[in-house]
Amino acid sequence: FMQPGTFAKYTLKRMKEHLTYMREVGIDIIILQWSFENVGDKVSNVYYDDSFDSADKHGTYNDSGKALVETLLQAAEELDMKVFLGINNNDEWWQKAVNDKAWLTSQIEVGMEGAKQIYDAYKNKYPNALHGWYFVFEYYNFKANSVQIDNAAYLLNGFLDGLKALDDSMPLMLSPFVSSGNSTAAEAGDMWEKVFAKANFREGLTVL
């Protein structure tokens, strides 16, 4: 599990050394937590060679780490490792969460534009390494009402449906943030059941 800021300046040689150490302890799947960051619907930090229009870039736009995604994919391809790429990360999530549907829509739109750019640039070049996607927004357990449940499913389905249309052979991995202070185990289970009942998962879902 890799956060991009830590590895943004790695050369291909250093990345291959790092991944080789991971292989030596039995790790062959890598998750890059996100490939770019955005503020609202404007792109800020990017870790791949993006093609966003200038109107879509935030005042803090920074592409100094744009070699990371390709460096990681090239190293993983050579070492026969699989990569799940996170798409867009937005720190506003921790304030907005699933309470603002318009904001959720903007995250789906910018996220899917980034995913398409990444797919078009790298899937044919690194077909085995670019194995799947990672859902960046960490759903956390709380006592959710029906609107929040619907919004959580809406965000998840925006990525599930968009990524399926892009390439239905690539899985989507997601992982929640769970805190004992937010709800009981039973309440958390009830929330996940309700969200997942509305999710457009494909056949073959595996919960790890």
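The legends below describe an overall view and several close-up views of a predicted model. Residues are numbered from 1 along each chain as its sequence is written, and side-chain values use heavy atoms, with hydrogens and water left out. Because the model is predicted, local features need pLDDT of at least 70 and side-chain atom pairs count only at pLDDT 80 or more, while totals for chains, interfaces and linings use all residues.

**Figure 1. Overall view of the protein, with seven helices and eight strands.** Helices (H or I, at least four residues) and strands (E, at least two) are DSSP runs, numbered from the N terminus. The radius of gyration of the protein is 17 Å, close to the 17 Å that the globule rule gives for 208 residues, so the protein is as compact as a globular protein of that length; this radius is taken over C-alpha atoms, and the rule is 2.2 Å times the number of residues to the power 0.38. Of the 208 residues, 46% count as buried, where buried means under 20% relative accessible area, exposed over 50%, and partly exposed in between (1.4 Å probe, protein chains only).

**Figure 2. Close-up of helix H3 (residues 68–78) and its buried residues.** Leu68, Val69, Thr71, Leu72, Leu73, Ala75 and Ala76 are the buried residues of H3, and they pack against helix H1 (4–7), helix H2 (12–24), S1, strand S5 (82–86), H5 and strand S7 (130–135), contact being defined as heavy atoms within 4.5 Å. H3 is followed by Asp80, whose phi is positive, near 60°.

**Figure 3. Close-up of the crossing of H2 and H3.** The two axes come within 9 Å and cross at roughly 50°, the axes being lines fitted to C-alpha atoms, for helices over the stretch in contact, with angles running from 0 to 180 degrees between N-to-C directions. H2 and H3 are therefore oblique to each other; angles under 35 degrees count as roughly parallel, over 145 as roughly antiparallel, 65 to 115 as roughly perpendicular and the rest as oblique. Leu12, Met15, Lys16 and Leu19 of H2 meet Leu68, Thr71, Leu72, Gln74, Ala75, Ala76 and Glu78 of H3. By class, the residues of this contact of H2 with H3 divide into seven nonpolar, two polar and two charged (Ala, Val, Leu, Ile, Met, Phe, Trp, Tyr, Cys and Pro count as nonpolar, Asp, Glu, Lys and Arg as charged, and the others, Gly among them, as polar).

**Figure 4. Close-up of the packing of helix H6 (residues 146–166) with helix H7 (residues 185–197).** These helices pack at an angle of about 50°, with their axes 8 Å apart, and are therefore oblique to each other. On the H6 side, Ile149, Ala152 and Ala153 meet Met191, Lys194 and Val195 in H7. The contact of H6 with H7 has five nonpolar, no polar and one charged residues.

**Figure 5. Close-up of Val98, in the loop between helix H4 (93–96) and helix H5 (101–122).** With 4% relative accessibility, Val98 counts as buried. Not counting residues up to four places away in sequence, Val98 touches Trp93, Leu104, Phe142, Gln148, Asn151 and Ala152. Val98 and Tyr139, although 41 residues apart in sequence, are 8.8 Å apart in space, C-alpha to C-alpha.

**Figure 6. Close-up of Ser35, in the loop between strand S1 (29–32) and strand S2 (36–39).** Ser35 counts as buried, at 0% relative accessibility. Leaving aside its neighbours within four places in sequence, Ser35 is in contact with Val46, Tyr47, Tyr48, Val69, Leu85, Gly86, Ile87 and Ile118.
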